[in-house]
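Let's take a first look at this protein together. Have the sequence and the 3D view open, and we'll go from the whole chain down to a single residue.

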Amino acid sequence: MSIADPNKTILTGENPFIRLSLKDGDPNSTDASYWRIIFSPAGPGHVLYLKSELTEGRWRIYSDNIAMARWLQTTVQGMLNAELSDTTIPCAEATFSKAGDPRYFWTEYIKSHSEDISLTWFDIGEPLLIHSQPNQIPNRRYGVCTVLIPALGTRLVRNGMEAKGQSWPREREGRPFSTSALAFSESWTDAV
C-alpha cells in the first residue's frame, strides 16, 4: 500500500483566516484570507484577500506576487469564495512580515503604499490535522491537508482602525474550533 497521496500537489504554504461578525450567526462583517505560499505554479509569495467595513464592504487584494494572487483566484481561493474568482479586483503591491509564537499569538503585517494592516490571532486552541481528497467534499474540486489551529481571539487593524465584530466558537469534527484559525503546513491537491 502506497503512503503517497495519488493526487497532483498544486500548492503548499499557509492560509490563516479571520472571519468576524457582530453577532454569532450573522453574516461576516470581516472576511480575511491570508496566504504565505512556498510552492505554486505561479511561484512563491504572499497575498491578503480582505473584505470588511474597513474596506467599505469591497474586496481588496494585497500581494508581493500578483501572478500568484491571480492564480489562486482562478483555483483554490476562487473555489473557497466565488466572489474572489473575479480577477478584475485591483491588487495592490505590498510587503509582508510576521511575528509571534503560534502556541500563544500570531500576527501578520501587510504594508502597501498607503495602508498598514495587521491580523492577529490569540486565545489559541488545540490543532487539528485535516485531510480531504479532491471532490470528496461537495463543490470542492481540490483536496487539502492542513494543520488548523483555532483562535477565539482575533484582531484586524487597517490604518489604525480595528474591524468590528469578533470570532465565534464552533465545533469541527467533534472538537472545539472557531470562525477564525491559523492554517499551517497546508498543501492543496488536484485529481490527476
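## What it's built from

The protein chain has 2 helices and 14 strands. Keep in mind that this is a predicted model.

## Overall size and packing

How does the radius of gyration fit a compact globule? A globule of that kind with 192 residues would come out near 16 Å, and the protein chain has 16 Å, so the two agree. If you drew a box around the C-alpha atoms along the principal axes, it would be roughly 55 × 35 × 30 Å.

On the inside, 49% of the 192 residues count as buried. Now take the contacts between residues at least 6 apart in sequence: 58% of these join residues at least 24 apart.

## Surface and charge

The accessible surface adds up to about 9800 Å², and carbon and sulfur atoms account for 54% of that.

As for charge, you'll find 19 positive and 22 negative side chains in the protein chain. The centres of these two sets lie 2 Å apart.

## A look at helix 1

Helix 1 runs over residues 66-74. Which of its residues are buried? They are Met-68, Ala-69, Trp-71, Leu-72 and Gln-73. As a rule, an α-helix has 3.6 residues a turn, so residues three or four places apart point the same way.

Quite a few elements help cover the buried residues of helix 1, including strand 1 (8-14), strand 3 (30-39), strand 4 (45-52) and strand 5 (60-63). Helix 2 (76-80) and strand 6 (91-101) are part of that cover too. Have a look at the start of helix 1 as well: a side-chain oxygen of Asn-65 comes within 3.2 Å of the backbone nitrogen of Ala-67.

## Zooming in on Asn-7

Asn-7 sits in the segment before strand 1. Is Asn-7 buried or exposed? Its relative accessibility is 15%, and because the cut-off for buried is under 20%, Asn-7 counts as buried.

What does Asn-7 touch? Leaving out residues up to four places away in sequence, its contacts are Gln-133, Pro-134, Thr-189, Asp-190, Ala-191 and Val-192. With one of these, Gln-133, the side chain of Asn-7 makes a polar contact of 2.6 Å. Another polar contact, of 2.7 Å, links the side chains of Asn-7 and Asp-5.

For a sense of scale, try finding His-113, which is 106 residues from Asn-7 along the chain. The C-alpha atoms of Asn-7 and His-113 are 40 Å apart.

Key:
Residues numbered from 1 in each chain as written. Predicted model: local features only at pLDDT ≥ 70, side-chain atom pairs only at ≥ 80, totals over all residues. Heavy atoms only, no water. Helix = DSSP H or I, 4+ residues; strand = E, 2+ residues; numbered from the N terminus. Rg over C-alpha atoms; globule rule 2.2 N^0.38 Å. Buried < 20%, exposed > 50% of the residue type's maximum accessible area, 1.4 Å probe, protein only. Contact = heavy atoms within 4.5 Å. Areas by Shrake-Rupley, 256 points an atom, 1.4 Å probe, with all protein chains shown as cover. Lys, Arg positive; Asp, Glu negative; His and termini not counted. Charge placed at Lys NZ, Arg CZ, Asp CG, Glu CD. Polar contact = N/O pair within 3.5 Å; in protein donor to acceptor, adjacent residues only side chain to side chain.
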